[in-house]
Amino acid sequence: MDLLKDPLNKLIISLSLPAGVGMMFNTLYNVTGTFFAAKISTLAVAGMSMSFLLYLSVVGIGLGFGSALTALIGNSLGANKSKMAKFYASNGIIFVLVFALFIGLCGYLLAPNLLVILGADHHYINEALDYAGVIFLASPFFLLIKSLNGVLVALGDTKTYRNWLFCGLFINAFFCYFNVFVLGLGVKGIALATASVQFLGTIYLFFKVRKSKMIDPRNLGYFVPNFAVWAKILKQALPACLNYLSMSLGSLVLLKFVSFYGVNAVAGYGIALRIEQILVLPTIGMAAGVLSIISRNYGAKSFQRVLQCYKLSLLFLLIYCVFAYIFIRLFGESAIKLFDSTPAVLEVAKLYLGINSLAYMAYGTINISGSTLQAIKRPVAIFLLNGFRQLVLQCSLFYAVVFWLGLEIKFMWLALFFSVYFTAVCFLAWTLFRLKRATSASF
């Protein structure tokens, strides 16, 4: 496919679908670990759940570097600077490896203190440490696989990672079963299974990138550390990494406020969130496709095509969100009952899905706008806007609902709805401003 000339509607669909399906496999991949932890004990589930935020932090850093490499390589290819693109790819992988080793070592040493800060109970602190310790030591694989995928996405390839996630889902299930039931390794066995799949995936994606000729181990000059290039990569990656970290922290804050409404509220929110994640994943896939298309066209200075791609992707998003909302209205209650049919839990989950399903357009707008800003090398606004939503706006609104006004949980969901749409409007306005400014400057 030609990212510079093919029809945009065809490109958006052909790139978004594999990425969206891949994200779905990734969600199922995470659920597998929780399933096997439940077979061990309740303490194992609690320990894994407490460590999951640390796991998401590592994954978020990897996604930040992956999107940074996609933007920089895509821009270089669009500007017909293939040597520069290869230099970003090769030097970027070395930088990510060094950074990952540092983060992994620091995380491993600090894990006990981090878990205590997060509120880990002494009853399951050992299980939490077993999981977190392995994940931090395996950080290089988590970051490298996302970075290698970032190189492939810059080339318009969103299928390779999807294919690996599909295979990895079954490999992970086998490793979990073998480590837990045959070797008796407990939670550590689940973490080792996850790390093993990341290691195998890193090898697979490395050979795919090498086959694309973006990385050539025989050309050692591309791998010699270049601190100017490292600085560019870090400048592009840091806001995205901080954005993912703020999202993880924001989710923890929301869960904390929901817990004030009791166990049924937490259970209902957890179930509704799992259903919602599956429906929102295609919008994340669309954002990945947009990142690939816009980064290439922005590098080629096809600014009008960049603006057109952004607007067309929002139109496709609107169409998808209408169908997602209809699905929730028709089948939402039945989907909830697959997990739990307790009346109190059902009521909370129905309220959440009923209100928040109208916000899918806002979530998608944030994702697509974020990818667009990343592609045009303006990533700082992503962290600032999402950080404000997650850590300032939502905290203020949730505090008012729970402690100041003492309202029922429905108003928590309405506060979430407002904060997401407010942020989406800000993202939309700022992205259009940046794109129109680039377009007008080209004339």
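Leaving aside its neighbours within four places in sequence, which residues is threonine 202 in contact with? The first legend below gives the reply, and every view here comes from a predicted model.

**Figure 1. A close-up of threonine 202 in helix α7.** Let us start with the residue from our opening question. Threonine 202 has its place in helix α7, which covers residues 187–211. Once neighbours within four places in sequence are set aside, its contacts are Phe141, Leu144, Ile145 and Leu148. Phe141 deserves a second look: the side chain of threonine 202 reaches the backbone oxygen of phenylalanine 141 at 3.3 Å. Is threonine 202 buried or exposed? Its relative accessibility is 10%, and because buried means under 20%, threonine 202 counts as buried.

**Figure 2. A view into the largest cavity.** Rolling a probe the size of a water molecule over the atoms shows where empty space is left. How many cavities of 30 Å³ or more does the count come to? The count comes to one, and the largest cavity holds about 30 Å³ of space. Look around it and you will find its lining: Ser51, Leu54, Tyr55, Tyr131, Ala132, Ile135 and Phe136. Two elements, α2 (42–78) and α4 (125–137), each give two or more residues to this lining. The largest share, four residues, comes from α4. Sorted by class, the lining has six nonpolar residues, one polar residue and no charged ones.

**Figure 3. Asparagine 80 and lysine 301, two loop residues with positive phi.** Here are two places to look at the backbone. Asparagine 80 is not a glycine, yet its phi is positive, at about 60 degrees. You can find asparagine 80 in the loop between α2 and α3 (82–118). With a relative accessibility of 70%, asparagine 80 counts as exposed. Lysine 301, also a residue other than glycine, has a positive phi near 60 degrees. Lysine 301 lies in the loop between α9 (263–299) and α10 (303–337). The relative accessible area of lysine 301 is 62%, so this residue is exposed.

**Figure 4. Proline 217 in the loop between α7 and α8.** This loop leads us on from the helix of the opening view. Which residues does proline 217 touch, not counting those up to four places away in sequence? They are Phe206, Arg210 and Phe223. Proline 217 is partly exposed, because its relative accessible area is 29%. For a sense of distance, try finding asparagine 386 as well. Proline 217 and asparagine 386 are 169 residues apart in sequence, and their C-alpha atoms are 38 Å apart in space.

**Figure 5. Methionine 412 and the largest nonpolar core.** In soluble globular proteins, nonpolar side chains tend to be buried together. In this model, the largest nonpolar core has 68 residues, and those with the most contacts inside it are Tyr360, Met412 and Trp413. The elements that give two or more residues to this core are α1 (8–40), α8, α9, α10, α11 (343–356), α12 (360–375), α13 (380–404) and α14 (410–441). Zoom in on methionine 412 to see its surroundings. Beyond neighbours within four places in sequence, methionine 412 is in contact with Leu254, Phe257, Val258, Tyr261, Phe398, Val401 and Val402. Another core, of 65 residues, lies apart from the largest one, and its members include Ile135, Cys176, Ala193 and Ala237. You have already met Ile135, in the lining of the largest cavity.

Methods
Residues numbered from 1 in each chain as written. Predicted model: local features only at pLDDT ≥ 70, side-chain atom pairs only at ≥ 80, totals over all residues. Heavy atoms only, no water. Buried < 20%, exposed > 50% of the residue type's maximum accessible area, 1.4 Å probe, protein only. Polar contact = N/O pair within 3.5 Å; in protein donor to acceptor, adjacent residues only side chain to side chain. Contact = heavy atoms within 4.5 Å. 1 Å grid on protein atoms, 1.4 Å probe; cavity = no way out; pocket = protein on both sides within 12 Å on 5 of 7 lines; lining within 4 Å. Points joined across faces, edges and corners; volume = space filled by probe spheres on them. Nonpolar A, V, L, I, M, F, W, Y, C, P; charged D, E, K, R; others polar. Core = buried A, V, L, I, M, F, W, Y, C linked by side-chain atoms within 4.5 Å.
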